[in-house]
Amino acid sequence: MKLLLNIIGIITISLAATSCTQKSSSTPDGEPMTHLLLATAWYQQSAEMRACYYQAYNLAKVTLKENKQNYKGPKPTAVVLDIDETVLDNSPFESKLMADRQNYSDSAWKVWTAREDARALPGAADFIGYARELGVEVFFISNRAEEERDHTFKNLAEAGMAVDSAHLLLYDASKKTSCKDERRDAVSANYEIILFVGDNLGDYTSLFDRRDSSLALQLADSLRDDFGRKFIVLPNPMYGEWENAIYEHKYSLPMSEKNQMMLELLDK
Ligand SMILES: [Mg+2]
């Protein structure tokens, strides 16, 4: 309770300070990402988060088995998973940013992934083992960069989710898009993808990439029957396309402006 009150206190102070002079979000001693604090505390230290992941992966097992039984086509079957906040937990990276009063940067991210320290998320390794026992090929499609491939291999193996090169499809900077369609199509050429798992709806379909001011809320409603059947979604309150859309994709806005945009958007 004391921790929660402290967190609420920090957030209240941050919101009250939004009219002060702003610093660039990339300034190392800039305003801390206080909006991230409660999200990261929940993600990393709540039993509810663990229960959500177990729940999702339990459902994923049931669905995978059912979808495999129902598929009568000629191709071998596959499941496609995202990596970050789907099978690997990068919340210590978020905590460190806040402790250091820094905001996200690609260079800080690469220092973190090079440590190969991300732990497996609850239920993830067990699900992957189950899929393989069932005879379903396991592919990872991630927007980690190709230059992070070796570290990602080692981290996945260390976390009990070893994979070979052909099953790890990363972000190719030369293609200039983080959209996963092309990589999904590459898997689909030889396999029937019977299930997707991810923390971002763009891990399922590119319809959720680059969301406009509608935030894709109605789009999610329109695809309601797919969730739990074709796509298993995991909770990530720390970051994601949902957050970028709230900021209208203006990543470099000062943090206090982002906080203000978020506050203004909320139903009251
Ligand atoms: Mg992810």
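What percentage of the 268 residues in the chain do buried residues make up? Buried residues account for 28% of them; a residue is buried if 20 or more other C-beta atoms, placed from the backbone, lie within 10 Å of its own, exposed if 12 or fewer, and partly exposed in between.

This is a predicted model, in which local features need pLDDT of at least 70 and side-chain atom pairs count only at pLDDT 80 or more, while totals for chains, interfaces and linings use all residues. Residues are numbered from 1 along each chain as its sequence is written.

The chain has 11 helices and seven strands, taken as DSSP runs numbered from the N terminus (helices H or I, at least four residues; strands E, at least two).

The largest nonpolar core holds 39 residues, of which Ala60, Val79 and Leu195 touch the most other members. Such a core is a set of buried Ala, Val, Leu, Ile, Met, Phe, Trp, Tyr and Cys residues joined through C-beta atoms within 7 Å. Elements giving two or more residues to this core include helix 3 (47-70), strand 1 (77-81) and helix 6 (124-133). Helix 3 gives the largest share, six residues. Leaving aside residues up to four places away in sequence, Ala60 touches Phe127, Leu195, Val197 and Ile232; contact here is C-beta atoms, placed from the backbone, within 7 Å.

The axes of helix 3 and helix 6 come within 9 Å and cross at roughly 10 degrees. Axes are lines fitted to C-alpha atoms, for helices over the stretch in contact, with angles from 0 to 180 degrees between N-to-C directions. The two helices are therefore roughly parallel to each other, a label for angles under 35 degrees. Helix 3 makes the contact with Tyr57, Ala60, Lys61 and Leu64, and helix 6 with Ala124, Asp126, Phe127, Tyr130 and Ala131.

Ala124, Phe127, Ile128 and Ala131 are the buried residues of helix 6. They cover an arc of only 100 degrees around the axis, which puts them on the same side of helix 6; the arc is that of the directions from the helix axis to the C-beta atoms. These buried residues pack against helix 3, strand 1, strand 3 (119-120) and strand 4. Just after helix 6, Gly135 takes a positive phi of about 85 degrees.

Most residues other than glycine have a negative phi. Two residues with a positive phi that are not glycine are tabulated below.

| Residue | Phi | Loop | C-beta neighbours within 10 Å |
|---|---|---|---|
| Arg101 | about 55 degrees | between helix 4 (91-99) and helix 5 (106-115) | 13, partly exposed |
| Glu116 | near 55 degrees | between helix 5 and strand 3 | 17, partly exposed |

Definitions and conventions: Two residues are in contact if their C-beta atoms, placed from the backbone, lie within 7 Å. Angles under 35 degrees count as roughly parallel, over 145 as roughly antiparallel, 65 to 115 as roughly perpendicular and the rest as oblique.
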